[in-house]
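User: I am new to reading protein models, and I would like to go through this one by asking about it step by step. Could you take the questions in turn and reason through each of them with me?

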Amino acid sequence: MGDPTLKIVIMIALALVQLFFAVNGVAISPEDTFRMVSASEILTKIYNGDPVEYDHIEIKGNLILKAQSSPNVIGSSIKITNSKIIGEFNFENSIFRKKINFSHSLFSGSHISFENSSFRKSISFNGAELCGFANFKYSIFENAASFDKAKFNYIADFSESNFMGNANF
């Protein structure tokens, strides 16, 4: 690539591409990219009792907790923030012993379920967007439950749930 004419042509082409994106309101930045993480990686951490801590990821696959006991007793803290969860999400019939945080995450599946679950520590869905049916029916929130600025695009069912700490919607 020692030819100066070729270098100039490449620089002009790159400048035109940047100009095209700028004129059309498309910005490409590292913040727009999400690192891909498989649902199985997250589920393995939960089953092993390891902390789950991710930010700015895209989860491919269904996050469905298989019954390890009745109910599932989850010893992992779970923090998945500023992320996209693509697929179904089922954490029903579970006892969560540690904090749960899904702040500013997008749940794009048609069904998000924590039905009949118990949260011993705080839970946060601040600024989250839940696109499908959000099922928290029969759940117990023993500490703070925060859904501040959460967006429910479909039905959110909290019927027969018990909020023992502060609930923020």
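User: Which residue follows α2, and what is the sign of its phi?

Analyst: This is a predicted model, so its values are computed from predicted coordinates. In that model, helix α2 covers residues 39-48, and the residue that comes after the helix has a phi near 80°, which is a positive value. The residue is Gly 49, and the sign of its phi is positive.

User: Which residues other than glycine have a positive phi, such as the one in the loop between β2 and β3?

Analyst: Most residues other than glycine have a negative phi, so a positive one deserves a note. In the loop between β2 and β3, His 56 has a positive phi of about 60°, and this residue is partly exposed at a relative accessible area of 24%. A further example sits in the loop between β6 and β7, where the residue is partly exposed at 30% relative accessibility and phi is about 50°. The two residues described here are therefore His 56 and Asn 82.

User: Which residues of α2 are buried, and within what arc do they fall?

Analyst: Buried here means under 20% relative accessible area, and in α2 this holds for Ala 39, Ile 42, Leu 43 and Ile 46. Looking down the axis of α2, one finds these buried residues on one face of the helix, because they fall within an arc of 95°.

User: What covers those buried residues of α2, and what angle does the helix make with β1?

Analyst: The cover over the buried residues of α2 includes β1, β2, β3, β4, β5 and β6. Helix α2 packs on the sheet, where it touches β1 and β3. Its direction, compared with that of β1, makes an angle of about 60°.

User: In what order do the six strands of the open sheet stand, and which of them are at the edges?

Analyst: The pairing in this open sheet is parallel, and the order is β1-β3-β7-β11-β15-β19. A strand at the edge has a single partner strand, so one of its sides is left without a neighbour in the sheet. The strands in that position are β1 (35-38) and β19 (151-152).

User: How many bridges join β1 to β3, and which residue stands opposite Val 37?

Analyst: Strand β1 pairs with strand β3, which spans residues 57-60, in the parallel sense, and the pairing runs over four bridges. Within β3, the residue that stands opposite Val 37 is Ile 59.

User: Along β2, which side chains are buried, and which residue in β6 stands opposite Val 52?

Analyst: The side chains of β2 alternate, so to speak, between two faces: Glu 53 and Asp 55 point to one face and are not buried, while Val 52 and Tyr 54 point to the other and are buried. Strand β2 also runs parallel to β6, with four bridges joining the pair. Opposite Val 52, in β6, stands Ile 78.

User: How many salt bridges does the structure hold, and which residues form them?

Analyst: Side chains of opposite charge can pair when their charged atoms come close. The structure holds two salt bridges, and in one of them the closest N and O atoms are 3.4 Å apart, with Glu 58 buried at 14% relative accessible area and Lys 60 partly exposed at 42%. The other has an N to O distance of 3.1 Å and ties together parts that are 22 residues apart in sequence, because Arg 120 lies in the loop between β13 and β14 and Glu 142 in the loop between β17 and β18. The pairs are Glu 58 with Lys 60 and Arg 120 with Glu 142.

User: Is Ser 117 buried or exposed, and which backbone oxygen does its side chain reach?

Analyst: Ser 117 lies in the loop between β12 and β13, and its relative accessible area of 2% is under the 20% limit, so this residue counts as buried. The residues that Ser 117 touches include Asn 93, Phe 96 and Tyr 138. At 3.0 Å, its side chain reaches the backbone oxygen of Phe 91.

Key
Residues are numbered from 1 along each chain as its sequence is written. This is a predicted model: local features need pLDDT of at least 70, side-chain atom pairs count only at pLDDT 80 or more; totals for chains, interfaces and linings use all residues. Side-chain values use heavy atoms; hydrogens and water are left out. Two strands pair if DSSP finds at least two bridges between them. Contact means heavy atoms within 4.5 Å. Axes are lines fitted to C-alpha atoms, for helices over the stretch in contact, and angles run from 0 to 180 degrees between N-to-C directions. A salt bridge is a side-chain nitrogen of Lys or Arg within 4 Å of a carboxyl oxygen of Asp or Glu. Buried means under 20% relative accessible area, exposed over 50%, partly exposed in between (1.4 Å probe, protein chains only). A polar contact is a pair of N or O atoms within 3.5 Å; within protein, one must be able to donate a hydrogen and the other to accept it, and residues adjacent in sequence count only if both atoms are side-chain atoms. The arc is that of the directions from the helix axis to the C-beta atoms. Lists of a residue's contacts leave out its neighbours within four places in sequence.
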